Amino acid sequence: MPPRGDRPTLALVGAKGRFARAILQILAMREDRWGEIRLLCDGMTTGTHTVRGREQRIETLTPESLRGVDIALFNLSAEATTRWAQIAVDAGAIVVDHVRYLVALLWGGPWVGTVIGHAALVPPT
């Protein structure tokens, strides 16, 4: 396995509740393929989640927090997703979110397809 610095960075965007806990539980059961795992929230929070056996603070979502992210899993409102998904794509991330939140964005952006009810936006090449 390559060192973490050579592996992709994952961001859980909207990491306050069950969404993040479920994703982190799934990740804990699998081989660790990720470099950095970022927990991001739209708005202030004091929450934490266990990541790789350690408590990790949920950070405030900002354009800077999305820099260097390879894959961003979104769980935000439609309004917040409309704003932040494009910022993440512009920063170079592949954004994966529930189809209903990305429908408006897909008409004007690059579209990969749907997988089990989710859609992906990719940065331009």
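Contact means heavy atoms within 4.5 Å of each other. Keep that in mind for the exercises below. The structure is a predicted model, in which local features need pLDDT of at least 70, side-chain atom pairs count only at pLDDT 80 or more, and totals for chains, interfaces and linings use all residues. Residues are numbered from 1 along each chain as its sequence is written, and side-chain values use heavy atoms, with hydrogens and water left out.

**Exercise 1: Get an overview**

Task: Find out how many helices and strands the protein chain has, and in what order the elements run.

Solution. Start with the count: the protein chain has 3 helices and 9 strands. Helices (H or I, at least four residues) and strands (E, at least two) are DSSP runs, numbered from the N terminus. Next, read the order from the N terminus: β-α-β-β-β-β-β-α-β-α-β-β. Then look at burial: of the 125 residues, 39% are buried. Here buried means under 20% relative accessible area, exposed over 50%, and partly exposed in between (1.4 Å probe, protein chains only). Last, check the contacts with a separation of 6 or more: residues 24 or more positions apart account for 50% of them.

**Exercise 2: How confident is the predictor?**

Task: Give the mean pLDDT of the protein chain, and say which residues fall below 50.

Solution. First the term: pLDDT is the predictor's confidence in each residue, from 0 to 100. The chain has a mean pLDDT of 79, and 74% of its residues reach 70 or more. Over residues 99–108 the value is below 50, and this stretch has 21 contacts in the model beyond near neighbours in sequence. Residues 111–117 are also below 50, with 10 contacts beyond near neighbours in sequence.

**Exercise 3: What surrounds Arg38?**

Task: Is Arg38 buried or exposed, and which residues does Arg38 touch?

Solution. Begin with the location: Arg38 sits in strand β2, residues 37–41. Its relative accessible area is 16%, so Arg38 counts as buried. Now list the neighbours, skipping residues up to four places away in sequence: Arg38 touches Thr9, Leu10, Ala11, Leu12, Gln56, Glu64, Ser65, Leu66, Arg67, Gly68 and Val69. Ser65 deserves a second look, since the side chain of Arg38 reaches the backbone oxygen of Ser65 at 2.6 Å.

**Exercise 4: Two sides of a helix**

Task: Which residues of α1 are buried, and which are exposed?

Solution. Measure up the helix first. Helix α1 covers residues 18–29, which makes 12 residues, and spans 17 Å from first C-alpha to last, close to the 16 Å expected at 1.5 Å a residue. (The expected span is 1.5 Å times one less than the number of residues.) Now sort the residues: Phe19, Ala20, Ile23 and Leu24 are buried. They lie on the same side of α1, because they cover an arc of only 120 degrees around the axis. That arc is taken from the directions from the helix axis to the C-beta atoms. The general rule helps here: an α-helix has 3.6 residues a turn, so residues three or four places apart point the same way. On the other side of α1 you'll find Arg18, Gln25, Ala28 and Met29 exposed. Finally, the cover over the buried residues of α1 includes β1 (10–13), β2, β3 (48–51) and β6 (71–74).

**Exercise 5: Strands side by side**

Task: In which sense do β1 and β2 pair, and in which sense do β3 and β4 pair?

Solution. Two strands pair if DSSP finds at least two bridges between them. β1 and β2 pair in the parallel sense over 4 bridges, and Leu12 has Leu39 in β2 as its bridge partner. Both faces of β1 are covered, with Leu10 and Leu12 buried on one side and Ala11 and Val13 buried on the other. Now for β3 and β4 (residues 54–57): this pair is antiparallel, over 4 bridges. Val51 has Arg54 in β4 as its bridge partner. The hairpin has 2 residues between the strands, and Arg52 takes a positive phi near 55 degrees, although Arg52 is not a glycine. With 35% relative accessibility, Arg52 counts as partly exposed.

**Exercise 6: A residue with 0% accessible area**

Task: Where does Ala88 lie, and what does Ala88 touch?

Solution. Ala88 is part of helix α2, residues 78–90. Its relative accessible area is 0%, so Ala88 is buried. Leaving out residues up to four places away in sequence, Ala88 touches Leu66, Phe74, Ala93 and Val95.

Notes. A polar contact is a pair of N or O atoms within 3.5 Å; within protein, one must be able to donate a hydrogen and the other to accept it, and residues adjacent in sequence count only if both atoms are side-chain atoms.
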